[in-house]
Amino acid sequence: MARSDVQLMLDVKAGDEQSFALLLQRYRTPLVNFLYRMVRAREEAEDLAQEVFLRVYRARKDYVPSAKFTTWLFRIATNLALNSVRDNRYQRMEVSLDAPVTVDAEDGDERPLDVAEKNPNIEQHLIEEARKKMIRHAIDKLPEKQRAAVLLHKYQELDYGDIAKILECSESALKSLLFRAYETLRVELAPLVAGQK
Amino acid sequence: MNCARMESRIIPYVDGRLKENERLEMEKHLAACGACQLRVNQFRAVSGFLDDLPEIEPSAAFDVRVRARVAAEPARQSWWASFAPSPRFALAASLLLMATVWVGSRPYETPTITAADEAQIDQNMPLLENYDVLSDFGALTELPPPVQPEDQGTGGQDQKQDQDQKQNQNQTM
């Protein structure tokens, strides 16, 4: 039977390094994805995720299982991501109009658009890529706290109470935050929404 | 229920996380409100779009970097290790101990009293015995200050100067 996150963390506290490796294995992918969707840069997302794991490791001596491990983990991640987004807000360079047209691969590697790609369904592929790009841009345009709320709600399957604790707000404030975020997404993705009818 | 109350319930409704009575109340409102029903449908569509974004995999170097950073962390100290003094503290304590031993090992020099000293003490003993009484003798403090002779000190000179001044004044008148 798999040990719970809290049990693993208590074992790490007791000096069991293997338990930390298990926590790393369990949360590396969701954490990197959450951070990647927050900061939109793969390398930065991985750096931040490393920092999250390092902070968890450093805090092992004082760990008390007063809350869910995931709540604690994503609270650290969210704070780091929000700080990073705020720090970079005025440093990000605008995409140059001279830059080559690219298709954002979801794996984070942007590659030049190869029109002569040997794909029999290239038109369908391009439409699908454009659709994903529109969705990503709609998420990127959300204010950072709304973005964090949507990502935690949609991809981490946390309940409202946990997300509220992570974002340090009340449950009703969280629901209001999510409502406003979905309203913005509804407007931004109106062409896609209309296409579904 | 009015449309304003939808704001806090629409997301839980789309998620299927409303309580039974809240869900029934919501559906009653939706059946009568086309705008709210449209919003619910569009929120569901948005939620579906978010599902379409695939996940990324952390790079192969990710785990290696985390483990390297964890390994670089200082090792955990045992509770006994917390009593171990720092090098500076150990040096200071050693110096203090050495100084204490050195001072303690020095021979204690007792003062020697000669026969002449004892004779002098015996001679002064009556004066020493009365010293406390004399130094605290209140009647001495009530005595008037001693009067100095006129031909001594500066007082006599002042009087002579006064007499000279009077003589000078009489001559000018």
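Me: In this predicted model, is the crossing of α4(A) and α7(A) right-handed or left-handed?

Reply: The general idea is to take the handedness together with the angle and the approach of the two axes. Here the crossing of α4(A) and α7(A) is right-handed, and the axes of α4 (residues 69-88) and α7 (residues 160-167) of chain A come within 8 Å and cross at roughly 40 degrees. Because angles under 35 degrees count as roughly parallel and 65 to 115 as roughly perpendicular, this crossing makes α4(A) oblique to α7(A).

Me: Which residues in α4(A) and α7(A) meet?

Reply: A helix pair is read by listing the residues on each side and then sorting them by character. On the side of α4(A) they are A:T71, A:F74, A:R75 and A:T78, which meet A:D162, A:K165, A:I166 and A:L167 in α7(A); taken together, the residues of this contact divide into 3 nonpolar, 2 polar and 3 charged.

Me: How should I read the chains as a whole, and what pattern does chain A follow along the sequence?

Reply: One begins with the order of elements and then turns to burial. Chain A follows α-α-α-α-β-β-α-α-α-α-α, with 9 helices and 2 strands, whereas chain B has 8 helices and 0 strands. Buried residues make up 29% of the 197 residues in chain A, and 7% of the 173 residues in chain B. For chain A one can also ask how far apart in sequence the contacting residues lie: among contacts between residues at least 6 apart, 61% join residues at least 24 apart.

Me: Which residues have the most contacts inside the largest nonpolar core?

Reply: A core is read from its size, its best-connected members and the elements that supply it. The largest nonpolar core has 52 residues, and those with the most contacts inside it are A:L31, A:L35, A:A49, A:V52, A:A77, A:A149 and A:L178, while α2(A) gives the most to this core, with 11 residues. As one example, A:L35, leaving aside its neighbours within four places in sequence, is in contact with A:A45, A:L48, A:A49, A:A77 and A:A81.

Me: How many residues of chain A are in contact with chain B?

Reply: An interface is read by counting both sides and then tracing one of them back to its elements. In this model 34 residues of chain A are in contact with 27 residues of chain B. The elements of chain A that give two or more residues to its side are α2 (17-39), α3 (42-58), α5 (122-140), α8 (171-188) and α9 (190-195), and the largest share, 8 residues, comes from α8(A). By character, the residues of that side divide into 15 nonpolar, 8 polar and 11 charged.

Terms used. Residues numbered from 1 in each chain as written. Chains lettered and ligands numbered in written order. Predicted model: local features only at pLDDT ≥ 70, side-chain atom pairs only at ≥ 80, totals over all residues. Helix = DSSP H or I, 4+ residues; strand = E, 2+ residues; numbered from the N terminus. Buried ≥ 20, exposed ≤ 12 C-beta atoms within 10 Å, placed from the backbone. Contact = placed C-beta atoms within 7 Å. Nonpolar A, V, L, I, M, F, W, Y, C, P; charged D, E, K, R; others polar. Core = buried A, V, L, I, M, F, W, Y, C linked by C-beta atoms within 7 Å. Axes fitted to C-alpha atoms, helices over the stretch in contact; angles between N-to-C directions. Parallel < 35°, antiparallel > 145°, perpendicular 65-115°, else oblique. Left-handed = near helix turned anticlockwise from the far one by under 90°.
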